[in-house]
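Got the viewer open? Turn on the cartoon, keep the selection box handy, and we'll go from stop to stop.

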Amino acid sequence: MNSSIRTFFPGLLLICLVCRGQEPFLTDRLAKVRDDLASRGTKALLIIADGRTRLEWYVPGASATTKHYTASLAKALVGGTSLLVAAADGRIRPEQRAAEFIPGWSEDSRKRSITIRQLATHTSGLEDAEQNRIPHAQLTGWKGDFWKRDPDPFTIAIRAPVLFEPGTSYHYSNPGMAALAWAVTASLQRTPHPDIRTLLRERVFRRIGISDDEWSIGYGAAYEVNGLSLWANWGGGSFTPRAVTRIGEWMMNKGRWGREQPVPERFVESALRYAGTALPARDRDRYAPATVLGWYTNIDRVWPALPPDAFAGAGAGHQLLLVVPSLRLIVVRNGAALEPRDQFWTAAYKQVFEPVVAALRDPLRPLAAPYPPSSVIRGVTFDSEIIRRAIGSDNWPITWAADDHLYAAWGDGWGFEPLLPQKLSLGLSRVEGTPSEFRGINIRSASLEQTGDGPAGPKASGIISVDGILYMWVRNVENAQLLWSEDNGQHWTWGFKLTESFGSPTFLNFGRDNRGARDEYVYTYSQDGPSAYNCDNSIVLARCHKTGLRDRQAWEYFTGTGWSRAIEARKAVFVFPDNCQRTDAVYNSGLKRYLLTVAYGHNGGWGIYDAPEPWGPWTTAFHTEYWGLGQSHGYRIPSKWISEDGRTLALVFSGLIYNTVSYDAFCVRRMRLHTR
């Protein structure tokens, strides 16, 4: 359970069909939501939280076995899911050119550059087959033929005009999804599942308990075109609400279903990760979300009552699937269109998403800081200005080296400008200057650089300079591995690995080249778990004499009362159940306090904690459930940028996109500590 769950779902009980066995206030709240939606043409409403059905309601004449049309909800259930499975099987890649699969596109000056991701996020530029809200049956020309599926919609779709340079804008496009179906199907040839329907049925639906009579797709028929059996992925589906919730739950569980894992976790994460694609215009519909691969995402908190990890599928008539992993919440709504019809997402958010979350929220129990207020630091303020460099790269563990420069490692990007030609999961840069005036210089090193997105790529989690030598912890390699460089990052030696706990270790940094250290030891913190992608219950601490850093047997682990060479003897140095993920530490010599930054996940919740010793006792200098910048993470305080009195500092962090601004970058924000 993470911080968002604590905020919204403390101690809730079941509600199932007739709301038996539940606290009365919750029954009443959900009943009001149900009654309101029933008055607005809703035919089915299914709400699941924490793996249990809290409300399942159907209009008279309908039941759990009644299939309902999906309209464009099929873009997620069919289009997004089939693309996900094909990508996981190595048949297709989001950044791949669609022209590799679609005939004739390689000869078209614009279509040749369209990527699979652009088709799946409505940023390809392909014109939609809609016109001035005219009913489909009344449309003429190629747009009318597309909806009449005459002779087939796929040939029409791939010939649709391109309105703008692909990737530069957002334009909802049904033909774009049809082109995606063509590309995915072409990628499946010479496999056991050569069409989308077979792929979904065998690889996912049957394996997660969806029977064949619970769903249909593609207007009930495939089109044989160019040797391919093509199924519509933009509409034409019918699913029972329970089948829809199972797909939502499977996505929420990152591709796992019980002991089954039809698709590896990292591919589901990648499918739902916002990649900086163009956003829809929000002047007419202010709650219109960003797009990912076939789905919609709340990454920039456009739905303010929901956490940024919420994602959804949606179709005409407000056929809705909402999934909020951090709340363990799934909502399915079927029925007639909600009002106002010309503000689709405003209606969905205001009449479904927000009321459901509000009904399940306990406003009396916000997430409290785990430690009492600091007796030294009474508050923290941040400058409004945020300087961003190296757009597209994240992570940024940082240290003050002997040459008086900062050295920062980055991941999943191209480094500082001028950007590298290849995207790296691990790269290194030197940062020169002040928090207000700095420049980054990429350091090329064949012995360091790694590739691979997300958990598949080795990434730095901590870096320190000691006696002129750079040491780096690299995660995603059987927990973590120690590296070192004796020439300021030009060449690296890969040393021992940790295989228990310490999934995201970082160093405690002191001054320049670690001058001013409290003793001859080098200290390392980490969340107490094997993965940097989970939220653990606590943080653990290790140390090693600086002369023995390269020897795994020389490391000691804090036991609560002393130190032990046995890692299994470790005890927590910091405890915040379900809220410890990725940390960093620095000594503030001006205030004579150790500062520990702790991320509570990737949803913008984090804190700064201070203590007189590296092991505590900790007090709270700063704590927030949501910082207001979307999914920010990687909070670092470079020791070089701490003023002599310890009160003026700079924070380095990264994140994704918020309100069209990319924080997936080397972000610097000045901050001030107010002392007592």
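What follows is a walk through helices, holes and ring pairs, with something to select at each stop.

Before you click, note that this is a predicted model, where local features need pLDDT of at least 70, side-chain atom pairs count only at pLDDT 80 or more, and totals for chains, interfaces and linings use all residues. Residues are numbered from 1 along each chain as its sequence is written, and side-chain values use heavy atoms, with hydrogens and water left out.

**Stop 1: helix α3**

Select residues 74-88, which make up α3. Helices here are DSSP runs of H or I with at least four residues, strands are runs of E with at least two, and both are numbered from the N terminus. The expected span of a helix is 1.5 Å times one less than its number of residues. For the 15 residues of α3 that gives 21 Å, and its end C-alpha atoms are 20 Å apart, which agrees. Now look around the helix: 15 of its 15 residues are buried, so α3 is largely enclosed by the rest of the structure. (Buried means under 20% relative accessible area, exposed over 50%, and partly exposed in between, using a 1.4 Å probe and protein chains only.) After α3 you'll meet glycine 90, with a positive phi near 75°.

**Stop 2: the cavities**

How many cavities of 30 Å³ or more does a search of the whole structure find? The search turns up four. The grid has a 1 Å spacing over the protein atoms alone; a cavity is a set of points where a 1.4 Å probe fits but cannot get out, and lining residues have an atom within 4 Å of a point. Points are joined across faces, edges and corners, and a volume is the space filled by probe spheres set on the points.

Stay by α3 to start, because the second largest cavity, at about 60 Å³, takes at least two lining residues from α3 and at least two from β10 (311-315). Select its lining, including Lys75, His122, Trp295 and Ala314. By class, the lining has six nonpolar, five polar and one charged residues. (Ala, Val, Leu, Ile, Met, Phe, Trp, Tyr, Cys and Pro count as nonpolar, Asp, Glu, Lys and Arg as charged, and the others, Gly among them, as polar.)

Next, jump to the largest cavity, with a volume of about 80 Å³. Of its 14 lining residues, select those closest to the centre: Arg582, Thr583, Asp584, Gly634 and Arg636. Two or more lining residues come from each of β28 (574-588), β29 (593-599) and β32 (633-636). Three residues of this lining are nonpolar, seven polar and four charged.

While Arg582 is on screen, add tyrosine 533: arginine 582 lies over the face of its ring, at 4.8 Å from the ring centre. (A charge sits over a ring if NZ of Lys or CZ of Arg is within 6 Å of the ring centre and within 35 degrees of the ring normal.) You can also find the charged end of arginine 301 over the ring of tyrosine 626, 4.0 Å from its centre.

**Stop 3: the big pocket**

A pocket is an open set of points with protein on both sides within 12 Å along at least five of seven lines. The second largest one has a volume of about 1600 Å³. Of its 41 lining residues, Asp128, Glu130, Arg133, Tyr172 and Phe344 are the closest to the centre. Both β10 and α11 give two or more residues to this lining.

**Stop 4: ring pairs**

There are 44 aromatic pairs in the structure. (Rings of Phe, Tyr and Trp, with its six-membered ring, pair if their centres lie within 6.5 Å; planes under 30 degrees apart are stacked, over 60 edge-to-face, and the rest tilted.) Select tryptophan 303 and phenylalanine 353: the centres are 5.1 Å apart and the planes at 70°, so the pair is edge-to-face. Tryptophan 303 is in the loop between β9 (296-297) and β10, phenylalanine 353 in helix α11 (residues 344-360), so the pair ties together parts 50 residues apart in sequence. Buried or exposed, what is tryptophan 303? Tryptophan 303 is buried, with a relative accessible area of 0%, and phenylalanine 353 is buried too, at 1%.

To finish, select the cluster linked by ring pairs: Phe382, Trp606, Phe622, Trp627, Tyr635, Phe653 and Tyr663.
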